[in-house]
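Colleague: Could you take me through this model and tell me what stands behind each label?

Modeller: Gladly, let's look at it together.

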Amino acid sequence: MDKNLTTAVKEAFVRLHEKKLIYRSNRLVNWSCKMRTALSEIEVEYVDVTQPTKFKIPNHSGEYTFGLM
């Protein structure tokens, strides 16, 4: 990002933090590269898979492969 955009993003985060709308913590984020979004803990179903497995995801078309890096 360019310097002006970086400064604007930092300022936005500082303001949100000061208003207690966001907070800083050491936590794992459930990020889906395929769906390009973060998932909250209540949206995540933990399933043990031993090999690449395709699952349908609610509100998304198609299937997604899990268990594959």
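Colleague: Which residue stands opposite Tyr64 in S4?

Modeller: Phe55 stands opposite Tyr64 there. Before we go on, this is a predicted model, where local features need pLDDT of at least 70 and side-chain atom pairs count only at pLDDT 80 or more, while totals for chains, interfaces and linings use all residues. Residues are numbered from 1 along each chain as its sequence is written, and side-chain values use heavy atoms, with hydrogens and water left out.

Colleague: What makes S3 and S4 a pair of strands?

Modeller: Strands are DSSP runs of E with at least two residues, helices are runs of H or I with at least four, and both are numbered from the N terminus. Two strands pair if DSSP finds at least two bridges between them. Strand S3 (residues 53–56) and strand S4 (residues 63–66) have four bridges, in the antiparallel sense, so the definition is met.

Colleague: Why is the aromatic pair called edge-to-face?

Modeller: Rings of Phe, Tyr and Trp (its six-membered ring) pair if their centres lie within 6.5 Å; planes under 30 degrees apart are stacked, over 60 edge-to-face, and the rest tilted. A search of the whole structure finds one such pair. The ring centres of Phe55 and Phe66 are 5.6 Å apart and their planes are at 70°, so edge-to-face is the right name. The pair links distant parts of the chain, with Phe55 in strand S3 and Phe66 in strand S4, 11 residues apart.

Colleague: How do you know that Phe66 is partly exposed?

Modeller: Buried means under 20% relative accessible area, exposed over 50%, and partly exposed in between (1.4 Å probe, protein chains only). Phe66 has 34%, so it is partly exposed. Phe55, at 29%, also counts as partly exposed.

Colleague: What is notable about the phi of Asn59?

Modeller: Its phi is near 65°, a positive value in a residue other than glycine. Most residues other than glycine have a negative phi. Asn59 is in the loop between S3 and S4, a hairpin with six residues between the strands. At 80% relative accessible area, Asn59 is exposed.

Colleague: Where does Lys20 sit, and what is its phi?

Modeller: Lys20 follows H1 and has a positive phi near 60°. Lys20 lies in the loop between H1 and S1, and its relative accessible area of 73% makes it exposed.

Colleague: How does the span of H1 compare with the expected one?

Modeller: The expected span is 1.5 Å times one less than the number of residues. Helix H1 (residues 3–18) has 16 residues and reaches 23 Å from its first C-alpha to its last, close to the expected 22 Å.

Colleague: What makes Glu11 and Arg15 a salt bridge?

Modeller: The term needs a side-chain nitrogen of Lys or Arg within 4 Å of a carboxyl oxygen of Asp or Glu. Here the closest N and O atoms are 2.8 Å apart, so the criterion is satisfied. Both residues lie in helix H1, four residues apart, about one turn. Glu11 is partly exposed, at 38%. The whole structure holds one salt bridge.

Colleague: Is Cys33 buried or exposed?

Modeller: Cys33 has 61% relative accessibility, so it counts as exposed. Its place is in the loop between strand S1 (30–32) and strand S2 (37–39).
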